[in-house]
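Here is a short tour of one model, written to be read with the viewer open. Please keep the sequence at hand as well, and follow along residue by residue.

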Amino acid sequence: MSLRHYFDASHQLPDTDNLVTKACARLHGHTYAVIVEIEADTVKGGMIIDFKAVKNTIDVLDHQHINDIFDRFEFNHEPTAENIAKFLSKQIEKELDFKATVSICEGYKGAERASWVTHTP
Ligand SMILES: [Zn+2]
């Protein structure tokens, strides 16, 4: 099963040497694209998983400041695309009991200009 979803959110990264351009050290927002992939052998009631339940799990980040959400969920990582993918993978496993591979594209401007990161549990 593969599902694509989008959300809008803000974040701010600490100004460290790893942050080459410094752009993400300023408070700013993105439209994030998310791809969730779930492999399951069993189909219950004609479906692997309720798509809306997956989207609801992702939407905990929608129109939020991701730094605040990570604090609220005690997910002690900086809100990079890599860590957002890891956070959503963990949330899907916790709430829906499925292991999900989650890919994130930050600042989505169309498939031909997209850069993705993927977290595999
Ligand atoms: Zn950013």
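## Pro121 and its surroundings

Pro121 counts as exposed, because its C-beta has 12 neighbours inside 10 Å and the exposed class covers residues with 12 or fewer. This is a predicted model, so please read every value here as computed from it. In the chain, Pro121 belongs to the segment that follows strand 5.

Which residues does Pro121 contact, once neighbours within four places in sequence are left aside? They are Ser89, Glu93, Lys99 and Ala100. Taking Glu93 from that list, we find its C-alpha 9.2 Å from the C-alpha of Pro121, with the two positions 28 residues apart along the chain.

## Helix 3 from end to end

Helix 3 spans residues 81-96. Its 16 residues reach 22 Å from the first C-alpha to the last, close to the 22 Å expected at 1.5 Å a residue. The helix lies across strand 2, strand 4 (100-105) and strand 5, and its direction is at about 145 degrees to that of strand 4.

Which residues of helix 3 are buried? Here you can pick out Ala81, Ile84, Ala85, Phe87, Leu88, Ser89 and Ile92. The cover over these buried residues includes strand 2, strand 4 and strand 5, together with helix 1 and helix 2 (66-72). Ser89, then, is both a buried residue of helix 3 and a contact of the exposed Pro121.

## Helix 1 meets helix 3

Now turn to the pair formed by helix 1 and helix 3. Their axes come within 10 Å and cross at roughly 130 degrees, and that angle makes helix 1 oblique to helix 3. The crossing is right-handed. From helix 1, the contact is made by Ala53, Val54, Thr57 and Ile58; helix 3 brings Leu88, Gln91, Ile92, Glu95 and Leu96. Leu88 and Ile92 also appear among the buried residues of helix 3.

## The sheet

How are the five strands of the open sheet ordered? The order is 3-1-2-4-5, and the pairing is mixed. Strand 3 (64-65) and strand 5 (116-119) are the edge strands: each has a single partner, so one side of each is left without a neighbour in the sheet.

Strand 1 (residues 2-11) and strand 2 (residues 28-38) run antiparallel and are joined by ten bridges. Two of the residue pairs are easy to look up: Asp8 has Thr31 as its bridge partner in strand 2, while Tyr6 has Ala33. Helix 1 (residues 51-58) packs on the sheet here, touching strand 1 and strand 2, and its direction makes about 20 degrees with that of strand 1.

Strand 1 also pairs with strand 3, this time in parallel fashion and through two bridges. On that side, the bridge partner of Ala9 is Gln64.

## Ile69 in helix 2

Ile69 lies in helix 2. Is Ile69 buried, exposed or partly exposed? Its C-beta has 18 neighbours inside 10 Å, so Ile69 counts as partly exposed; a buried residue would need 20 or more.

Not counting residues up to four places away in sequence, Ile69 touches Val60, Leu61 and Gln64. You have met Gln64 already, as the strand 3 partner of Ala9. As for Pro14, its C-alpha is separated from that of Ile69 by 16 Å, and the two are 55 residues apart along the chain.

## Two loop residues with positive phi

Two residues deserve a look for their backbone angles. Glu74 sits in the loop between helix 2 and helix 3 and has a positive phi of about 55 degrees, although it is not a glycine. With 6 C-beta neighbours inside 10 Å, Glu74 counts as exposed.

Asp97 comes just after helix 3, in the loop that leads from this helix to strand 4. Its phi is near 60 degrees, a positive value in a residue other than glycine. Asp97 counts as exposed too, because 8 C-beta neighbours lie inside 10 Å.

Definitions and conventions
Residues are numbered from 1 along each chain as its sequence is written. This is a predicted model: local features need pLDDT of at least 70, side-chain atom pairs count only at pLDDT 80 or more; totals for chains, interfaces and linings use all residues. Two strands pair if DSSP finds at least two bridges between them. Helices (H or I, at least four residues) and strands (E, at least two) are DSSP runs, numbered from the N terminus. Two residues are in contact if their C-beta atoms, placed from the backbone, lie within 7 Å. Axes are lines fitted to C-alpha atoms, for helices over the stretch in contact, and angles run from 0 to 180 degrees between N-to-C directions. The expected span of a helix is 1.5 Å times one less than its number of residues. Angles under 35 degrees count as roughly parallel, over 145 as roughly antiparallel, 65 to 115 as roughly perpendicular and the rest as oblique. A crossing is left-handed if the near helix is turned anticlockwise from the far one by less than a right angle, and right-handed if clockwise.
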